[in-house]
Amino acid sequence: MGPVLQALAATTLRTLAVIALVLAAVVALAVSLFKLTVFGAMALYFVVWWTLLFVILPLRNQVEDDPARIVPGQDPGAPAAPRLREKAILTTLLSSVVFLLAIQVFELAGL
């Protein structure tokens, strides 16, 4: 998944396009199968996405080891390469799975 994820996250525009396509597909699925409103599906998806973003952000972070590359005022624990676009796509994919599972549980619970 590494090279595919890197290719999808090569540019900001491509990353946003992937996120928008996945979001549109998941919301359309939620609206058609689970009778959610578009706004309700997007709101719930946003909450799941934002929560999982904070789970995924610290993954695979490595601090800068080269003292020459650390600038004055930089936090010593700041990641050298945060890979935020890759993490945004990964968060979107994981959120889609969690979101679809959550709405199934909500339906079974009568919520």
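**Entry 1: Thr 92 and its contacts**

I looked up which residues Thr 92 touches, leaving aside its neighbours within four places in sequence; they are Ile 19, Val 22, Tyr 45 and Trp 49. I note here that the model I am reading is a predicted one. I then located Thr 92 in helix H4, which covers residues 84–109. Is Thr 92 buried or exposed? Its relative accessibility is 1%, and the cut-off for buried is under 20%, so I recorded Thr 92 as buried. One of its contacts deserved a second look: the side chain of Thr 92 makes a polar contact with the side chain of Trp 49, at 3.0 Å.

**Entry 2: Thr 91**

I moved to Thr 91, which is also found in helix H4. I read a relative accessibility of 0% for Thr 91, and therefore listed this residue as buried. Which residues does Thr 91 touch, not counting those up to four places away in sequence? I found Trp 49, Leu 52, Leu 53 and Ile 56. Trp 49 thus appears in my notes for Thr 91 and in those for Thr 92.

**Entry 3: A nonpolar patch**

I next turned to the surface. Phe 46, Val 47, Trp 50 and Phe 54 form a nonpolar patch there. Together they have about 440 Å² of accessible area. I checked two members of this patch one by one. Val 47 has its place in helix H3, residues 38–56. The relative accessible area of Val 47 is 48%, and I recorded the residue as partly exposed because the value lies between the cut-offs of 20% and 50%. Trp 50, with a relative accessible area of 41%, is likewise partly exposed.

**Entry 4: Aromatic rings**

How many aromatic pairs does the structure hold? I noted four. A pair of aromatic rings is described by the distance of the centres and the angle of the planes. I looked up both values for two of the pairs.

The ring centres of Phe 46 and Trp 50 are 5.9 Å apart, with the planes at 20°. I entered this pair as stacked, because planes under 30 degrees apart count as such. Phe 46 and Trp 50 both lie in helix H3, four residues apart, which is about one turn of the helix.

Trp 50 also forms an aromatic pair with Phe 54. Here the distance is 5.6 Å centre to centre, the angle between the planes is 85°, and the pair is edge-to-face. Trp 50 and Phe 54 are separated by about one helical turn because they are four residues apart in helix H3.

Which residues make up the aromatic cluster? I wrote down Phe 46, Trp 49, Trp 50 and Phe 54, which form one cluster. Trp 49, a member of this cluster, is the residue whose side chain I had already met in the polar contact with Thr 92.

**Entry 5: Two residues with positive phi**

I then looked at backbone angles. Most residues other than glycine have a negative phi, and most peptide bonds are trans. Lys 35 has a phi near 55°, a positive value, and is not a glycine. I placed Lys 35 in the loop between helix H2 (12–34) and H3. With 68% relative accessibility, Lys 35 counts as exposed.

Arg 60 is another residue that is not a glycine and has a positive phi, of about 55°. I located Arg 60 in the loop between H3 and H4. At 62% relative accessibility, Arg 60 counts as exposed.

**Entry 6: The loop between H3 and H4**

I looked up further residues in the loop between H3 and H4, including Pro 58 and Ile 70. Are they exposed or partly exposed? Pro 58 has a relative accessible area of 52% and is exposed, whereas Ile 70, at 33%, is partly exposed.

I also noted C-alpha distances for both. Pro 58 and Gln 6 are 52 residues apart along the chain, and their C-alpha atoms are separated by 18 Å. Ile 70 and Ala 80 are 10 residues apart in sequence and 9.3 Å apart in space, C-alpha to C-alpha.

**Entry 7: Leu 108**

My last entry returns to helix H4, where Leu 108 lies. Leu 108 counts as exposed, at 79% relative accessibility. From Leu 108 to Leu 16, 92 residues away in sequence, I noted 33 Å in space, C-alpha to C-alpha.

Terms used: Residues are numbered from 1 along each chain as its sequence is written. This is a predicted model: local features need pLDDT of at least 70, side-chain atom pairs count only at pLDDT 80 or more; totals for chains, interfaces and linings use all residues. Side-chain values use heavy atoms; hydrogens and water are left out. Buried means under 20% relative accessible area, exposed over 50%, partly exposed in between (1.4 Å probe, protein chains only). A polar contact is a pair of N or O atoms within 3.5 Å; within protein, one must be able to donate a hydrogen and the other to accept it, and residues adjacent in sequence count only if both atoms are side-chain atoms. Contact means heavy atoms within 4.5 Å. Patches are made of residues with over 30% relative accessible area and no salt bridge: like charges are joined within 9 Å, nonpolar side chains (Val, Leu, Ile, Met, Phe, Trp, Tyr) within 5 Å. Accessible areas come from the Shrake-Rupley method with a 1.4 Å probe; for residues, only the protein chains shown count as cover. A salt bridge is a side-chain nitrogen of Lys or Arg within 4 Å of a carboxyl oxygen of Asp or Glu. Rings of Phe, Tyr and Trp (its six-membered ring) pair if their centres lie within 6.5 Å; planes under 30 degrees apart count as stacked, over 60 as edge-to-face and the rest as tilted.
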